Amino acid sequence: MLKEDKILTLLKEHDIRPSYQRIQILGYLLEDDNHPTADIIFTNLQTLTPAISRATVYNTLNLFEEKGLVSTMTADKFETRYDLYTDEHGHFVCKLCGGIYNFDYKYHDAYEELEGFDIEKEEILVKGVCKKCK
Ligand SMILES: [Zn+2]
Ligand SMILES: [Zn+2]
């Protein structure tokens, strides 16, 4: 599928009206699978699309999250990072290259001790040195 078609299909599937900026931002997310922050997305898009504003990027990402098109995680500090992979998954963060890798994670037995709690979001974060950097 052409990238442009893929973008329009994804937006349609998530009930999001396509606009020039939304197409640009989703296009960027399809290229960068290292869980970019809103700032990284903004900085990269700005060179191609000078008219884009930081607020538009933030608002669009919030909309994407609301509609279930992206998932979010925080690797360090408190910066939200965005991922088009929305199934439950854990993250491995490499302390040398900053790479963020997805891995499938299903270990709900660990929640036995949290019986009676309402769990709203799980973030499984593993840190270390990735294969490439070793
Ligand atoms: Zn690495
Ligand atoms: Zn992820």
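A pocket is an open set of grid points with protein on both sides within 12 Å along at least five of seven lines, and its lining residues are those that have an atom within 4 Å of a point. In this predicted model, the largest pocket has a volume of about 190 Å³, and its lining is made up of Ser71, Thr72, Met73, Tyr85, Thr86, Asp87, Glu88, His89, His91, Lys121, Glu122 and Glu123. Sorted by class, these lining residues comprise two nonpolar, five polar and five charged ones. Strand S1 (71-74) and strand S3 (89-94) each contribute at least two residues to the lining, and S1, with three residues, provides the largest share.

From the pocket we turn to the metal site. The zinc ion (ligand 1) has as its protein donors the SG atoms of Cys94, Cys97, Cys130 and Cys133, lying 2.3 Å from the ion. The arrangement around the zinc ion (ligand 1) is tetrahedral because the four donor atoms subtend angles of 105 to 115 degrees, and four donors count as tetrahedral if all angles lie between 85 and 135 degrees. For comparison, the ideal angle for four tetrahedral donors at a metal is 109.5 degrees.

Along the sequence, the donor residues of the zinc ion (ligand 1) follow the spacing C-x2-C-x32-C-x2-C. Within this pattern, Cys97, in the loop between S3 and strand S4 (100-104), and Cys130, in the segment after strand S5 (125-128), are 33 residues apart and link distant parts of the chain. Cys97 has a relative accessible area of 42% and is therefore partly exposed, whereas Cys130, at 5% relative accessibility, counts as buried, the limit for buried being under 20%.

How values were computed:
Residues are numbered from 1 along each chain as its sequence is written. Chains are lettered from A and ligands numbered from 1 in the order in which they are written. This is a predicted model: local features need pLDDT of at least 70, side-chain atom pairs count only at pLDDT 80 or more; totals for chains, interfaces and linings use all residues. Side-chain values use heavy atoms; hydrogens and water are left out. On a 1 Å grid over the protein atoms alone, a cavity is a set of points where a 1.4 Å probe fits but cannot get out, and a pocket is an open set with protein on both sides within 12 Å along at least five of seven lines; lining residues have an atom within 4 Å of a point. Grid points are joined across faces, edges and corners, and a volume is the space filled by probe spheres set on the points. Helices (H or I, at least four residues) and strands (E, at least two) are DSSP runs, numbered from the N terminus. Ala, Val, Leu, Ile, Met, Phe, Trp, Tyr, Cys and Pro count as nonpolar, Asp, Glu, Lys and Arg as charged, and the others, Gly among them, as polar. Donors are N, O and S atoms within 2.8 Å of the metal (3.2 Å for Na, K and Ca); water is not among the atoms, so sites may look incomplete. Four donors count as tetrahedral if all angles lie between 85 and 135 degrees; four count as square planar and six as octahedral if opposite donors are over 155 degrees apart and all others between 65 and 115; anything else is irregular. Buried means under 20% relative accessible area, exposed over 50%, partly exposed in between (1.4 Å probe, protein chains only).
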